[in-house]
Amino acid sequence: MAGIFKFFKKDETIQIPQIIINKSKTRNGLEFYIQRENKGDFLQFPLQLSILEIKQQKSIESLEALEELWYEEFLEVSVEGYLLSYNKFYELPVEIKSILQIPSVVELDLSVSHVGAIGTSNFKFILEKDYKNWINIQNTSSQIGPWITLADGTEFLMNKNQYEFEQLLSQAPDPRDRNQIFPFVAKVRKEAKVRNIPLNTYLEKQEYLFVDQLELDVNYEEREITLQPKYKQSNLEIDDTVLDYMSNNTAAYYADSIGKKYFVSQEIHNEANQLSQLPPIRGEQIPKFVENPEAFLPEINSIDMSIFSERVKSLGIQVYRAQPYVHASEQERGWFDLNIGFTAVDENGESQHHFSDLEMETLINRARDNGEEFIEWNGNWLKIPENVDGFLEASERVKEQFDVKKGLEISNLPYILEIYENINHLEFNQPLLEVQKTIDDLGVIKPETPPQLTATLKPFQTEGYVWMKLLHFRRLGGLLADDMGLGKTVQVISFLTYLYQSNQLTPVLIVAPKTLIDNWQKELEKFAPSLLSSFYIHRGSNRLKNPEVIKQYGITITTYQTLVKDQFVFGQIDWNAEICDEAQAIKNPSTSASKVLKAMKSRFRIAMTGTPVENGLSELWSIMDFVQPGLLGSLSQFKQEFINQLETNHESEVEKKLISKISKVYKRRTKSEELGDQLPPKNIITKKVSMGKIQAKLYEEVISLVRNKMIDGLEAIQKLKALSSHPALINDSYLDLPAIEVPKLMETLKIIEDIEQKNEKVLIFTEYIKMQTILRNAIRDQFNINPNIINGMTNRRLDVVNWFNSKEGFDVLILSPKAAGTGLTITSANHVIHYTRWWNPAVENQATDRVYRIGQEKPVHVYYPIVSDKQKITSNGTVEEIVHKILSEKQALASNVITTSKKMNIEDEVFNFYLH
């Protein structure tokens with residue numbers, strides 16, 4: 001990909017010095033030293049070349065490929081220039097490897113032989129390598145890293161699995177060191193068998209067996225949990241009785257009666273010793289262990305924690321959340337009974353038992369007398385709620401002020417809410433949620449934003465700002481599910497300035513994907529710079545570990561992964577607000593991120609996502625369980641009431657019922673509904689183009705292969721889709737095909753030409769890396785600009801977007817749709833070309849929304865160049881025509897909150913329509 005290039009035109013007869021790429025193989029990887037001809041200075045990325053320089057560079061493809069790798073953070077700065085380490089070779093796109101002349105990966109015929117006897121000073125493993133007709137190429141070829149050059153100049157890379165094994169052999173200890181060499185032989189034998197690499201007869205006969213895996217058995221008997229490390233190995237050579245004996249004695253070595261010798265990896269042995277020292281878990285440590293078993297273990301690398309957590313679950317020990325609730329039930333017009341108490345709730349929100357407030361107070365006092373924070377109940381455990389004392393005191397006040405036994409008038413319900421206002425995550429039922437109260441004197445419903453906010457909110461954003469203030473006042477959480485591009489972040493920032501102005505900001509926790517951390521900082525800089533003086537990004541090896549220090553900051557932001565790692569630090573802080581950005585991260589209630597977020601102590605919670613449902617309606621339940629626990633009942637109740645109903649009822653009816661249920665704490669606006677004339681018009685332009693002669697010929701060949709059952713249907717669909725973009729996508733020999741012979745490419749260039757005449761910018765979307773390069777080269781030749789290509793979302797890529805936005809006048813940016821998911825605002829462009837259709841309208845809409853969002857002031861034009869079947873090759877039209885038709889029909893469903901992405905994926909539909 002090209003970097004940030006300066007644009008100026010000059011006489012192209014001027015001779016520009018060539019940029020030389022010196023490439024050398026080292027033991028760590030490929031070193032690239034880039035310098036100008038006849039100059040020794042080392043050039044650094046981004047190169048910032050002019051178009052004149054680009055056009056005269058003989059090695060421009062290699063330079064752009066290297067710059068692509070630099071942007072994607074594949075290259076490391078080294079003493080000699082840039083290093084592309086060997087372990088990165090296996091992740092490189094085929095196109096990049098071809099340009100950089102990195103050979104293809106092959107599988108060799110390997111076998112392991114030796115010299116000398118094990119235990120003697122000259123013992124050594126030999127990895128014998130054969131390739132096709134070449135025998136023992138370890139003796140006749142040259143090799144650096146995985147890169148092998150045969151005597152005739154043929155080059156290739158060892159595949160990753162085989163190269164890792166060769167690296168293991170290179171780590172052989174001194175053969176005279178008996179404490180090291182015997183375990184090493186055992187390890188090599190084991191790894192060879194796992195990788196299907198044959199051993200010679202001598203090595204095969206050696207009775208050295210190796211253990212390099214560890215698991216942790218969990219037992220629960222007589223109210224005590226014990227942990228027992230267990231050795232295991234993958235190739236099942238070792239009898240279970242031997243493994244049990246070695247495990248029980250944490251032995252690193254064992255010899256049986258028939259001469260077999262068993263060795264344990266030193267790392268595994270050390271970890272097993274650590275684990276064997278763990279004391280039994282008793283008393284109230286049991287529920288703590290069940291909730292977070294990792295906290296009881298030392299730093300262990302070899303234990304698969306997901307499997308271990310499942311084993312802990314299988315013990316059947318339940319730890320319930322004691323959920324305080326206040327329910328009002330209408331008995332007659334205007335009169336309500338008040339029911340105050342606690343519910344024992346499991347992780348799926350399932351209610352197991354109800355306790356009155358007096359029953360719970362008795363159980364709590366008994367637990368506290370024993371110095372415990374969990375209540376043992378029916379062989380299981382209840383966690384004492386964080387704010388239980390405040391809840392019990394508030395309940396006592398309610399009983400003192402009102403005769404709850406006789407019932408309450410509706411006019412008294414707002415005061416009930418006020419009494420309980422300081423209780424976190426209190427469950428209210430519908431009558432209480434519907435109580436309206438005049439709160440003008442508190443400024444909660446005033447639309448005016450604080451002076452700390454420099455943004456001017458649009459009406460619907462002001463509505464969101466007031467909505468969050470009301471939720472915060474009522475101690476309710478909220479799900480802000482506005483469409484992408486409607487400014488969810490600025491709405492939340494406006495709410496944060498309100499907290500700041502009213503001295504309620506500190507401390508606030510924001511949890512977001514890694515790619516959005518810097519975006520939050522930039523948005524705060526732009527809209528609320530006064531908040532930055534107390535803004536802390538919690539990431540990196542030097543991040544704070546003292547909760548007393550962290551809670552002094554007004555706003556702390558971190559990633560989901562870091563939150564899980566540092567959950568005990570964050571769990572000691574009473575957060576005033578907890579904000580979950582891109583809340584799809586907690587769509588699964590059983591994930592660590594979901595559990596940790598829901599366990600945080602916070603007065604107020606906001607979840608933000610434009611896609612509250614991606615793969616199933618249970619995801620919405622999980623997010624709502626974070627926002628307002630209990631509102632949708634348990635997961636099983638939710639399935640029965642809503643999910644199962646989708647099978648028999650119309651989706652619109654189910655959605656209407658669901659939205660009604662969550663309406664008080666859920667806000668979703670679409671651009672079409674809310675912005676209306678606030679956004680400029682969006683024009684959809686479909687351009688039907690014919691196939692070129694070569695495309696038509698290849699298209700017929702693919703259809704013929706399908707009819708003759710020489711390739712399967714799905715493979716054919718993918719080939720036809722690629723072929724519609726350009727013949728070179730299925731045959732490299734057409735890479736230099738003139739654009740005029742590919743009508744779709746020519747039409748795209750005409751569209752860009754019109755955009756250039758208007759001095760405006762355009763984004764082009766295609767997922768094909770090779771097509772991105774073809775487009776860039778064609779645009780460079782015709783328009784004398786060098787468009788950037790964005791495939792990933794590194795910080796360096798964000799710099800490219802910022803540069804593109806800041807540049808005046810005409811420009812082009814080429815993107816993969818995957819790079820357009822989150823965090824990109826590119827409103828400097830007002831044209832979008834979907835060169836290749838993404839077969840999901842929601843994903844395609846997200847790509848368009850990089851441009852069509854708040855901040856866009858020009859009319860937006862969205863182009864779909866569609867290859868049509870004017871030659872009548874098939875009776876149904878081209879793949880692109882069919883995809884366009886189906887996507888158009890499904891476009892309305894894309895914004896439906898309960899339509900899953902699975903229903904949006906149309907590959908099977910295209911297959912059935914086209915080939916059946």
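# Why is it called that? A chat about one predicted model

User: Where is the place of Pro507?

Analyst: Pro507 is in the loop between H18 and strand E25 (508-512). Keep in mind that we're looking at a predicted model here. The peptide bond leading from Thr506 into Pro507 is cis, with omega near -15°.

User: Which other peptide bond is cis, the one that starts from Phe45?

Analyst: That's the bond from Phe45 to Pro46, where omega is near -5°. Pro46 is also in a loop, between strand E2 (29-36) and helix H1 (51-56).

User: Back to H18: how do you know that H18 and H19 are oblique to each other?

Analyst: Look at the angle. The axes of helix H18 (residues 488-501) and helix H19 (residues 517-527) cross at roughly 60° and come within 10 Å. An angle under 35 degrees would count as roughly parallel, and 65 to 115 as roughly perpendicular. Roughly 60° fits neither of those, nor the over 145 needed for roughly antiparallel, so the two helices are oblique. The crossing is right-handed, too.

User: What residues in H18 meet H19?

Analyst: From H18 you have Thr489, Val490, Val492 and Ile493. On the H19 side they meet Trp520, Glu523, Leu524 and Phe527.

User: Why is the pair of Trp70 and Tyr71 called edge-to-face?

Analyst: A search of the whole structure turns up 26 aromatic pairs. In the one made by Trp70 and Tyr71, the ring centres are 5.0 Å apart and the planes are at 70°. Rings pair if their centres lie within 6.5 Å, and planes over 60 degrees apart count as edge-to-face. Both values pass, so this pair earns the name.

User: Trp70: buried or exposed? And what about Tyr71, buried or exposed?

Analyst: The cut-off for buried is under 20% relative accessible area. Trp70 comes in at 12%, so Trp70 counts as buried. Tyr71 has just 1%, so Tyr71 is buried as well.

User: What makes Phe289 and Phe296 edge-to-face?

Analyst: Their planes are at 80°, and the rings are 5.4 Å apart centre to centre. Set against the limits of over 60 degrees and within 6.5 Å, that makes an edge-to-face pair. The two partners get separate labels for exposure, though. Phe289 has 0% relative accessible area, so Phe289 is buried. Phe296 has 24%, which lies between the 20% and 50% cut-offs, so Phe296 counts as partly exposed.

User: Which residues do ring pairs link into a cluster?

Analyst: Tyr33, Phe42, Phe45, Trp70, Tyr71 and Tyr82. You've already met Phe45, at the start of a cis bond.

User: How do you know that Lys469 lies over the face of Tyr498?

Analyst: Lys469 is 5.0 Å from the ring centre of Tyr498, and the distance limit is 6 Å. There's a direction limit as well, 35 degrees from the ring normal. Lys761 does something similar: its charged end sits over the ring of Phe804, 4.9 Å from the centre.

User: Why is Lys129 called buried?

Analyst: Its relative accessible area is 3%, and under 20% is what buried takes, so the label fits. Lys129 is in strand E7 (residues 124-130). Among the residues it touches beyond four places away in sequence are Leu108, Asp109, Ile135, Met158 and Glu166.

User: And Lys132: buried or exposed?

Analyst: Exposed: Lys132 has 65%, and the cut-off is over 50%, so there's no doubt about the label. Lys132 is in the loop between E7 and helix H5 (137-140). Its phi is near 55°, a positive value in a residue other than glycine.

User: What is the phi of Asn196?

Analyst: About 60°, which is positive although Asn196 is not a glycine. Asn196 is in the loop between helix H7 (178-194) and helix H8 (201-205). With 69% relative accessibility, again over 50%, Asn196 counts as exposed.

User: What makes Tyr253 partly exposed?

Analyst: Its 42% falls between 20% and 50%, so Tyr253 gets the in-between label. Tyr253 is in strand E14 (residues 253-255). Leaving out residues up to four places away in sequence, it touches Met246, Lys261, Tyr262 and Phe263.

Notes
Residues are numbered from 1 along each chain as its sequence is written. This is a predicted model: local features need pLDDT of at least 70, side-chain atom pairs count only at pLDDT 80 or more; totals for chains, interfaces and linings use all residues. Side-chain values use heavy atoms; hydrogens and water are left out. Rings of Phe, Tyr and Trp (its six-membered ring) pair if their centres lie within 6.5 Å; planes under 30 degrees apart count as stacked, over 60 as edge-to-face and the rest as tilted. Buried means under 20% relative accessible area, exposed over 50%, partly exposed in between (1.4 Å probe, protein chains only). Axes are lines fitted to C-alpha atoms, for helices over the stretch in contact, and angles run from 0 to 180 degrees between N-to-C directions. Helices (H or I, at least four residues) and strands (E, at least two) are DSSP runs, numbered from the N terminus. A crossing is left-handed if the near helix is turned anticlockwise from the far one by less than a right angle, and right-handed if clockwise. Contact means heavy atoms within 4.5 Å.
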